[in-house]
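Reader: Could you take me through one part of this model up close? I'm after the open spaces, and one of them in particular.

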Amino acid sequence: ERDILYPIPLGGAKIYPINRDVGCHFSHCIVASTLHHLELMTLQDKLSVVRGALNSSVRLAANRGVRSICTTILSGGWRLTIEDALDEMLTTYFHASQSPTVHLLVHIRDAKEFQRIKAHLEQTRNSIVCNDGIIELK
C-alpha cells in the first residue's frame, strides 16, 4: 500500500508489480479510482468514471502481459447501483480493443448481491456465465 502513488485521477488506474517474495500468487495489483466525492455528478458522469477505470485497467494489464484481472463491481462506493455499474463494465469490456487478450473475472462475495446480479444478467445478457460468486468474461 505504501508504494501506491497518489493521486490517481478519477476514472483512471495505475498498475504495480507484486514482489514474489511476499507469497502472493498475483503478479500485479491494479488500483482504479472510482470513488468520487462530487455530489454534482450525473448518472452519465458516474458511468464515465466506471468506463474510464475499467478501460485503463484492461489497457494497463494488456501492456504488461497480464492475461487475467479480477475485480469487484466498480460502483464508486455505492454511488451507482450494482446493476448500472456492472452493465457499464460489461459494455466497456466487450468494446475495449484490448479485451480479447485480457480475461476479466468479476467477484461478488455477498450471496444476495450475487443472486440479484445473476437474475439481472439472465434477463439482460443471457450469454454470460455466473457461478459461485464469479462472473467470467473471456
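Which residues line the second largest pocket?

Author: Quick housekeeping before we dive in. This is a predicted model, where local features need pLDDT of at least 70 and side-chain atom pairs count only at pLDDT 80 or more, while totals for chains, interfaces and linings use all residues. Residues are numbered from 1 along each chain as its sequence is written, and side-chain values use heavy atoms, with hydrogens and water left out.

Now, your pocket: its lining is made up of E1, R2, D3, I4, Y16, P17, I18 and C29. A pocket here is an open set of points on a 1 Å grid over the protein atoms alone, with protein on both sides within 12 Å along at least five of seven lines, and a lining residue has an atom within 4 Å of a point. The second largest pocket comes to about 240 Å³; a volume is the space filled by probe spheres set on the points, which are joined across faces, edges and corners. By class, its lining splits into 5 nonpolar, no polar and 3 charged residues. For that count, Ala, Val, Leu, Ile, Met, Phe, Trp, Tyr, Cys and Pro are nonpolar, Asp, Glu, Lys and Arg are charged, and the others, Gly among them, are polar.

C29 deserves a second look. With 34% relative accessibility, C29 counts as partly exposed, meaning between buried (under 20% relative accessible area) and exposed (over 50%), using a 1.4 Å probe and protein chains only. C24 is partly exposed too, at 31%. The sulfur of C24 has its closest cysteine sulfur in C29, but at 8.5 Å that's too far for a bond. A disulfide needs a pair of cysteine sulfur atoms within 2.5 Å, and the structure holds 0 of them.

For context, the largest pocket holds about 540 Å³ of space. Of its 20 lining residues, H28, I30, I69, C70 and T71 are the closest to its centre. The elements giving two or more residues to that lining are β2 (28–32), α1 (43–63) and β3 (68–71); helices (H or I, at least four residues) and strands (E, at least two) are DSSP runs, numbered from the N terminus. The class split there is 11 nonpolar, 8 polar and 1 charged.

Note on methods:
On a 1 Å grid over the protein atoms alone, a cavity is a set of points where a 1.4 Å probe fits but cannot get out, and a pocket is an open set with protein on both sides within 12 Å along at least five of seven lines; lining residues have an atom within 4 Å of a point.
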